Structure formats: structure tokens, C-alpha cells
Amino acid sequence: MKTNKIASILLSLTGAWGLFSCEKEITLDLNSVNAKYVIEGEITPNQKATVRVIKTVDFTEPNDFPLVKGANVSLSDGSGNTEKLVETGEGVYQSQKIVGFEGKTYSLTVMAEGNTFTAQTTMPTNVKLTGIKVQKSSFSPPGSTAENYIIYPQFIDPAAFGNSYRFIQTRNEEKYKSIIVANDNIGNGLPNSRPILSPDFEIVLGDNVTLEMHCIDKPIYDYFFSLNSVQGNGPGGGTIPTNPVTNIKGGALGYFSAHTQQKISIEVK
Amino acid sequence: MAKLKFIVFCVLMSSFRLLAQEKFTISGTLRDKASGEELIGATVVVKEIPNTGKAANEYGFYSITLPKGSYTLKGTYIGYEEMTKTVNLDKNLKIDWELESGKMLQEVVVKTTKEDDNITKTSMGTEKLDIKEIAKLPVIFGEKDVLKTIQLLPGVKSAGEGNSGFFVRGGAADQNLILLDEAPVYNASHLLGFFSTFNSDAIKDATIIKGNSPANYGGRLSSVLDVRMREGNDKVFQTSGGIGVISSRLAIEGPIQNEKSSFMISGRRTYADMFLKASPDFSDTQLYFYDLNAKANYRINENNRVYVSGYFGRDRLGFGDALGIDWGNKTGTLRWNSIINSKWFSNTSLIYSDYSYEFKVSGGDNSFVNQSKIRDWNLKQEFQYFPSPKNSWRFGFNTIHHTITPGSLINETNANENDIKEDRKALENAVYVQNTYSVSSNFSMDYGLRLSSWSILGRTTYNIYDRDVKTDSVVLGEGAFGKTYFNVEPRLAFNFILNEKSSLKAGYARNTQNLHLLSNSTSSNPTDQWIGSSYNIKPGISDQISLGYFRNFAQNNYEFSAETYYKALQNQVDYKNGADVQTAPDVESELLYGKGRAYGLELLLKKKSGKFTGWVSYTLSKTERLIDGINEGNWYSARQDRTHDLAIVGMYQLSPRWSLSGNFIYYTGDAVTFPSGKYEVAGNTAFYYTERNASRMPNYHRLDLSATYEKPRKGRYQTSWNFSLYNAYGRQNAYTISFEDDENDPSRTRAVQTSLFRWVPSVTYNFKF
């Protein structure tokens, strides 16, 4: 057998590579369960607290989540102030007097249709976001543009261990949907050196990029970290899915977060 | 009084006479005539005394002690021609056998021995694979793979489509002790599991023991897969190899000094990346693996022989210099076999084993690296003693020094010392004794005891947790001993031979495991970490009872077996929900503990000789876990729980040149977790999950076909072509099912099934000269 003959056979077979993987939508007989409450609450510096209460729907239904109206939502700030939140929109409740302060611990109680849910969160001391650095990316996975950029949030992690951050990246008014969180398990007390990797959200020359940084407490870090890791479905199956680790007690999904908020925008040039 | 003394004297004398009835020992080795390779498990049978067959040990050595007399001995081995020798036993004899491989390709199928080993031997849940036997089975990309063939046996389940990972009797993938020339292989897979580290050119045979292993094995809960490399032909030089779709192989072997020493080197390299380079999208992509097996042996004299063997393999996957991951194993074994005398055999092994991975991401100025390593030094000493044909002993010790570098994510350009995790060291010791004894012609037993220990060694700090709250810590100085765990592991097996054709076997075994593989993924990843027992992690314990019925039909042409088992597992380790496996300062804070249970029925019907050979295997099983903190503390189906699993394997010798083979696989879906509902949070759709693993993947089935053409031999040249078609009817089996927003219609979500490998044709050209 001559080698060129073998080579030609091999080459003709390489066309088979394209057949190796295929995707199709399927219909599964998924369990239908009683709807669960989902609470999403936030309080930021000098801003009123906002709490949204919705319910889950079955997988096969449209993404139309029932808003929970007429709930009894109350908030206390750990300094003796407690108030009942006002329903300002359907399923959306807002505080009237209590606003966020760094270092304060807030307690939330939601009573809806005979169920009671509680949550606590502490607003961490702010870590100053001093700027954002843009750099040409050397990361070019198949299908990406050769010239794409990544951004580095500029801040110095405090010496004390236990800081957590969440980032929200926007490109020309379009929000990057992936959840980005970080903590100081790596690089405690050092200037940040970790970029925001967004391979499926390319940044190119001329883009207007906004970065929002939240300083969050550990339970909220755990919530977003687990929301990210347990919902992913990578090749080979990814992590065994579960519900994220929530700080809400009483059996509701979601989170209640007191966090600081900073925003910086730049144009990539 | 004098009378009594006389009686005692007579009794003593008679027993002395009994002892003095002269006995002699026949011992030697069994080898392949053409290559000089030892034949592991080949048998020497004494015709005059039924059931005295003695199987050669793992180095081809046998020993039989018989009363003085004339005997007819038969040397037999599957696929080899039987040999007969008559001896007049009036002194100790050394008889070596050189058996000739059956000429399967001639017009007349050679009458090879039909063994009834499965009836007469006590061992249960044990299957031996001869590499030559499995060479013609269809496999994906034409890569012969012992790990994929064992998945066709009952009680052994594949970890997924095209995957070399396997689960035995409800055990997790890390509960299999995979040995290559006695060295543990910590990650036996290449290319994310699609290929195994075992290059079949370099391998002589493989034995899998499903939990009832004798006391000389230990350290894993579910199974032992003992793979032995070939020694290399000690008579003539030989080159063999193959060119396939995915990889090419080349092996060279031959004598260093004729019939005194020999060597074998075998290498393999894939070239998938070369095809990828042809596409501009993938020009930066690296995707390959290679491995190298080498072995040499030297006969110091008639009774002493040394072997040195090693394996080195590495995988590389990357995109330019921005993202890369590489991983691999290294093993080395230095062995000294000694035939002390005709009844005593000794083996001493010094073994090195190493597995490491490195994951690197760089973006701009910074690059991050996550690396982890496990490294062992291992000393084994074993003595084998053959006092009589009915009785044989094995005893010895094993001591292993482990060093584990836990995975830590480090910024290479701007490293922070605190990010680097300290090495963890441990000493694992075991002493064991095992006896095989034929009580009578229809009852034999195999029993043993293994005492094992695991000691944590300094220098490291160990934290103690109550759930994930740190309650205490222990600081160990360099070389200081921390906690030591001791375990007693009894191993029992009984064989009741009902008649010539059938037997009933029962067994109980306890196994323990001190090295745990942490994985939070539904499939195995090269970055899964090994962690040793510590203050929080207790040694895993499994207790298995099994019962089997074995029956042969048609002059041992057909073998049937039915085995059932129940296994209880203690101290199982899992990640808690949402565990941070990459950056947590101490991974032990992310763990949960629990127990497991597994039970099942395994049926196997095998046709061993004739033009048509093959088997049908079926498994019915259940595997569950109970872990405090998962599924609200209720029992749930383990990820490897699969109710029905069927494999049909057939090989047909169509003509001297052509042989055909096929296999059909059917199994019901694995346990998985699918969402029960959905909601919106942080602007994204999220899924709501209720019970762990309460759903099932769709059922899986597939047919593979293969044809092998062997060209007529030209002088030294032997060539063959193998054509195979994987998934012949192109079934779209679900590899993963994911849930996502519908890109075309944001108001709804959809379930998407990804399938791999429909109709994968391949061709392999093999040569030998």
C-alpha cells in the first residue's frame, strides 16, 4: 500500500468531522409542580429599596411570569427603623424612607398568600473603582473577530480577606447577559489583574463600554456564583443542576442584596 | 500407660509416614512459542487427578506438588494448541512450556482448548480480556480500546457516548483501580474521554474484577482493572503498527540478547489537529494526544528476572496562546521476579505514578494558571507459596507515599503567595494474606485479609469543618504524622461445584478507598481533583455480597453466568450545591458526605469457539446515594444509575481472509436532573429544580459493524485492513440535553438535544514485519 493512497483515504474521511455533532429541539415530558415564589430585592447607597415578587411557571409555558400583587413587604435597617413597602407597580414594592448605607444590615420580610419569607443582607464598605483599562485580546476562539478587546476593572482589593464583587458590562446600551462575579480568594489585597472575559460578547474598536461594579456580601456572591455554575450546560453536561444558594429563608427563590454601585463608561479606541 | 505410649507412637509414626510419602514439585513457566511472552493464566492440568489444574501467575510461573509417580500433564491456554507431556516424578522437576498460538486463519479451525475455568475457579465477577480476541471488534474511529470493550460486559457501564470512562456495579468512575504494570493510572482517558490511555499494541491482557478482588489488590471501592504490558519478543525483531483515521501507531520489539532479554517500545499520536488547521477558523487550535509505552526485561539467571516498564502520555487542547489545557500520566515500574525454589515465588516492585494537569488562560498582560498534580512512590513485595495442588498462598505488603498538589488558580504574571496551596502528603500501607484452597473435589474457597492504613503527613494545615463552618485546624510540621485511619478488609469467595457443568459461587468483600476524585460535573474532566482522606474526609468503605450461578453447555462451547450483588457504600464525598471548585481557599469547605447502595443482576452468555463467537450481556441494576445536604437528605438515583443495559457482541470468521464483527448496545436512560419550572432573575431566565436526578435521559441504542481483511502473508510481512462503521443506522442518541431561551422567540424556552457521532466510518491499516 502506497502512502499517498492512504493519505487520500484519510483526507476523504475528514469530511466526516462535520457530522460528529448535531443539535435538535426536543419535547420532554417534564414535571409540572406547584409554582414557587421568586423574590428579587435590592438596596443601594442613598437609594430606596426595591423588591419584586413573581412566581415560577412550568417549563413549557411562555416566559410570562405571574406578578405577585398585594403582598405584605416590610424592611428594617438594623437601626430600629422598620417600614412597610409600597406597591409602586404590579408585583414591585418600594421603601419610602429607608435608603441604603454602607455597613448596615437590612432585614426583609415578605408575606404573600399565607407564606412568609425572610432575608438579611449587609451592604459592604465600598471599594473604589478607579477606572477601566482596555486591552487587545489574545483570546480568539473559533469564530471570533481577530481584533477584539477585553476590559480590566481598576481597583485595589482591601487587605482584609472576604471582599466580593459583581460586574455588569454594557456595550453600546446592550447589556451582557452573563453573570460576572469575583472575590478575593485569588489576589487578596492586590490591585485587580483579572479581566472580564466575554467571549460571546465581543468588544471591538469604537464601542462604548460601560462597566458597573457592585460590592456585594458573601451570601450574594454565593448566590450569583451558584446561579452561574449550576445553570450552565457545557459540553458533556456541565455541573449537576440545582437551585442557586439563596439568602432567602422560607422556601422562595431569588435573592435580597444590599450593595454599593459604581459606573464608568469609555469608548474603545 | 505403656500401651498408651505405644498408641501415640503408632499415631505419630503413621502421620509421619503419611508426611513422608514422597512428594515432588513440578514448576516452570508457560510462554508463547513465537514471541517468548509469558502466558498469564495458562494452565497446567494433571490428567490423572481431576481438578488439579494450576494456572500460571501473572508472570507465567506455575508450581504443582504431587506424590511420586507417573503423570500426564497438559499445558493449555485459550487460543493456543494444547500440549501434552508425560513425566516420571521421582524428583523436583522444572518444566517450561512453549505453547503455539492456534492458527485461526487456516481453513480448519484449530481445536483450541475449551476451558471450564469459569466452573472450577472460585473467582467471581472477573473477566479477562485477551487483546487478540478483541482486536476485531468495531470501535469508534477504529481505535482498539480495552476500556471500551470492557463496557460490553455485564456490570460495567460506559460513562457516555464514545467515552472510555466506566462505572462498575454502581461505583463512581474514581472507584476503579486502573493498573498498568501495577502502577495506578489516575486518569485513563485521552481527548476528554473519547480514547483511553491504553494503546492496544503495547498491551498483553487486561483483567477486570468487579469488587470481589483478592486481598493483594486494594485502595478502590468498585473494581480492579489490571492491565499488563507485553514484554517484547525475545526471539526475533518485530515492527508493527497501524495507520488510522485519528491516529497512527508504531511498535518495535525484539531481543536484546536472544531469549535472555527483550524490549518493546510502542508509540501513538493523533492528528486531528492537522485537519483542523486546514480550516481558517481552527488554524490556532491545538487538539492532540500522544503516548509512549516502553518495556524491557532481563533474565539474570534461570530463576531471576528483572523488568522495567514505563508509560508516558500527554493531551493538549488549546487556542493559540490564549487558552490551553494539557494533562497526562507518567508511570514507571521496576520489578524483580524470583523463583526462590520450586514452591516459592517472589516479586518485588518499585512503582512511580504521576498525573498532572495545567489549565492556562491569558488575556492581555496577565495569564492565569491552574495546575494540580498527584505523585506516588510505591513499594510492593509479594510472596507466593504453592504447598500442594490444592493449596496456594499469597502474602505481602504495599507501601505508597502520595504527594498531592491541590489545584490553585494563580496569576502567573503577578503571583500572590497566598494563592498557592500547600502540597498534601500521605502514607498508605497495607499487609495482606490470601489463600486458595480446594477443600474437596467440589468445594473450594478463596479467602484473605487485607489490613490497610492511611496516615496524613505534614507539612500542611488541615482545617476541620462542621458543614462549611470551620471549627478547628491542625498544623502538622514537616514529616509529622497526623491522623491515621486503619481498616480491616476481609475477602471471601466460595465455589460449590454442582457437577461437571455447573457451579454455585458466593462472595463477600470489603474494600476501602482513601483517594477521592472530586467532580462537580456530570462527566469526567481532566481537571477533576484527587483528594486524600483527611480530618473531614473519612475513608470510603464498600461491602459487597454476591452470589453467582455458572453453567457450561455443549462441551464448554457455551458459557452462561448469572451473578447478583448488593453493595453498601459508606463515606461517599460530593460537592455541595454551587460549590466553588476553582478558587475556594480550602476545597474541604465545599464538601458533603453520605452513603450509597447498589444492587443488580448480571447475565452473560458467551460462545467461545467455532467460526462464530461472541456474547450477550445484560444488567439490571439500581444505584442510589444519600448525601446530607443534597436532595433534602433523601435517597436519590446516582448519576450512573441505569436500569437496563444490554450488549450483543458477535464475531464471524467468514473466510480465512475476511472476518466480520458487530455489536449492538441498548440501555435505558441515565438519571439526570431536568427543570420543573422557570422564572426570571437578574434579567435572565433561570430554571427551577426540584428533585436530584429524578428524570431520565432518552434510551440509547446503537449498532456498530466492522470487517477485517487479512492479506495473505508475504514472508515476514503481515498486513490487514480494518473497516468499521460506528452507529451504523445513525441513531441520534442524546449526549446532552440543555435548556435555554429560544433565540428566535424570546417569549419561550426550549430543550435542545445534542448528539454526537452518527455514522462514523473509519479505516485502519495494520502491518507487522
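The following dialogue concerns a predicted model with chains A and B.

Biologist: How are residues, chains and ligands labelled, and which confidence limits apply to this predicted model?

Modeller: Residues are numbered from 1 along each chain as its sequence is written, and chains are lettered from A and ligands numbered from 1 in the order in which they are written. Side-chain values use heavy atoms, with hydrogens and water left out, and in this predicted model local features need pLDDT of at least 70, side-chain atom pairs count only at pLDDT 80 or more, and totals for chains, interfaces and linings use all residues.

Biologist: How many helices and strands does chain B have?

Modeller: Helices (H or I, at least four residues) and strands (E, at least two) are DSSP runs, numbered from the N terminus. On that basis, the secondary structure of chain B comes to five helices and 50 strands.

Biologist: What percentage of the residues of chain A count as buried?

Modeller: A residue is buried under 20% relative accessible area, exposed over 50%, and partly exposed in between (1.4 Å probe, protein chains only). In chain B, which has 769 residues, the buried share is 60%. For the 269 residues of chain A, the buried share is 48%.

Biologist: What part of the accessible surface of chain B belongs to carbon and sulfur atoms?

Modeller: Accessible areas come from the Shrake-Rupley method with a 1.4 Å probe, and for residues only the protein chains shown count as cover. Chain A has an accessible surface of about 12600 Å², with 51% belonging to carbon and sulfur atoms. Chain B has about 30000 Å², and the part belonging to carbon and sulfur atoms is 58%.

Biologist: Which strands lie at the edges of the open sheet in chain B?

Modeller: Two strands pair if DSSP finds at least two bridges between them. The open sheet has five strands in the order β9-β16-β17-β12-β13, with mixed pairing. Each edge strand pairs on one side only, and these strands are β9 (126–130) and β13 (183–184) of chain B.

Biologist: Within that sheet, which residue of β17(B) is the bridge partner of A206(B)?

Modeller: Strands β16 (residues 203–209) and β17 (residues 223–229) of chain B pair in the antiparallel sense over six bridges. The bridge partner of A206(B) in β17(B) is V227(B).

Biologist: Which residue in the turn between β37(B) and β38(B) has a positive phi?

Modeller: Strand β37 (residues 591–607) of chain B is joined to β36 (residues 558–575) by 16 bridges, and the two run antiparallel. β37(B) is also joined to β38(B) by 14 bridges, again antiparallel, with K606(B) opposite W615(B). These two strands form a hairpin with four residues between them, and the turn residue with a positive phi of about 100° is G610(B).

Biologist: From which domains does the largest nonpolar core draw at least three residues each?

Modeller: A nonpolar core is a set of buried Ala, Val, Leu, Ile, Met, Phe, Trp, Tyr and Cys residues joined through side-chain atoms within 4.5 Å. The largest has 47 residues, and those touching the most other members include F166(B), L225(B) and W615(B). With bounds from an automatic or database domain assignment, the domains asked for are domain 2 (124–209) and domain 3 (223–537 + 551–768) of chain B.

Biologist: Is W635(B) buried or partly exposed?

Modeller: W635(B) lies in the loop between β38 (612–627) and β39 (636–637) of chain B. Contact means heavy atoms within 4.5 Å, and beyond four places in sequence W635(B) has contacts including K595(B), R597(B) and E624(B). The C-alpha atoms of W635(B) and K595(B) are 9.3 Å apart, although 40 residues separate them along the chain. Because its relative accessibility is 29%, W635(B) counts as partly exposed.

Biologist: Is T72(B) buried or exposed?

Modeller: T72(B) belongs to strand β5 (residues 69–76) of chain B. Beyond four places in sequence, T72(B) touches residues including V45(B), K47(B) and T84(B). Because its relative accessible area is 15%, T72(B) is buried.

Biologist: Which residue offers the backbone oxygen that the side chain of R171(A) reaches?

Modeller: R171(A) is in strand β12 (residues 164–171) of chain A, and R171(A) counts as buried because its relative accessibility is 16%. Beyond four places in sequence, R171(A) touches residues including F201(A) and D207(A). At 2.6 Å, the side chain of R171(A) reaches the backbone oxygen of E202(A).

Methods:
A polar contact is a pair of N or O atoms within 3.5 Å; within protein, one must be able to donate a hydrogen and the other to accept it, and residues adjacent in sequence count only if both atoms are side-chain atoms.
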